[in-house]
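Take a look at how the strands of this structure are arranged. The report below goes through its sheets and their pairings.

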Amino acid sequence: EKMTKDNLLLTFLICLILTISIIKCSGPAYGNDLNLTIDNNTDQGTFNSFQDGQDNDIDFDIVSMDEFIIDIDQVGNNNTLNIDVDGRTSTGSSMYFNQTGNNKSYSGNFWCGHSFCTMTINQN
């Protein structure tokens, strides 16, 4: 009889843990958040990001971007893009930002401190 009570208690606890786990795992779905910082020792690189879905957020900071290419695409609703560029010398760098969907937001601070850099922003 004691063994049966212990087994029932153990079974109850396992069911309770599984129920709590299922409730937590089946909660609201959140978008993909990307927070990325590239330091001042990275030149001649490429950063590509493609996010497809809703409620995505990209917070991208780059300190140095000599001959650097940034290409960010977001497709879907309620997406946010925040870009901060401290370009230092920024020779030959290009940035391409594309957002497609409803309720998209974009913000940025840019400094291109040398010969040239380009930026293209499309919001559809």
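This is a predicted model: local features need pLDDT of at least 70, side-chain atom pairs count only at pLDDT 80 or more, and totals for chains, interfaces and linings use all residues. Residues are numbered from 1 along each chain as its sequence is written, and side-chain values use heavy atoms, without hydrogens and water.

Start with strand S4 (residues 69–75). S4 runs parallel to strand S6 (residues 93–100), and seven bridges link the two. Strands here are DSSP runs (E, at least two residues), numbered from the N terminus; two strands pair if DSSP finds at least two bridges between them. Val75 faces Thr100 of S6. On the S2 side, Val75 of S4 is the bridge partner of Asp52. Further along, Asn98 has Asn122 in S8 as its bridge partner.

These strands belong to an open sheet of four, ordered S2-S4-S6-S8, with parallel pairing. Strand S2 (46–52) and S8 are the edges; each has a single partner strand, so one side of each lacks a neighbour in the sheet. Neighbouring strands of this sheet are turned by 0° on average, direction ignored. The angle is taken between axes, which are lines fitted to C-alpha atoms.

A further open sheet of four strands has the order S1-S3-S5-S7, again in parallel pairing. Its edge strands are S1 (33–38) and S7 (105–111), each pairing on one side only. In this sheet, Phe60 stands opposite Ile83 in S5.

The table lists pairings with their bridges.

| Strands | Bridges | Sense |
|---|---|---|
| S2 and S4 | seven bridges | parallel |
| S6 and S8 (residues 117–123) | seven bridges | parallel |
| S3 (residues 57–62) and S5 (residues 80–86) | six bridges | parallel |

Notes
Axes fitted to C-alpha atoms, helices over the stretch in contact; angles between N-to-C directions.
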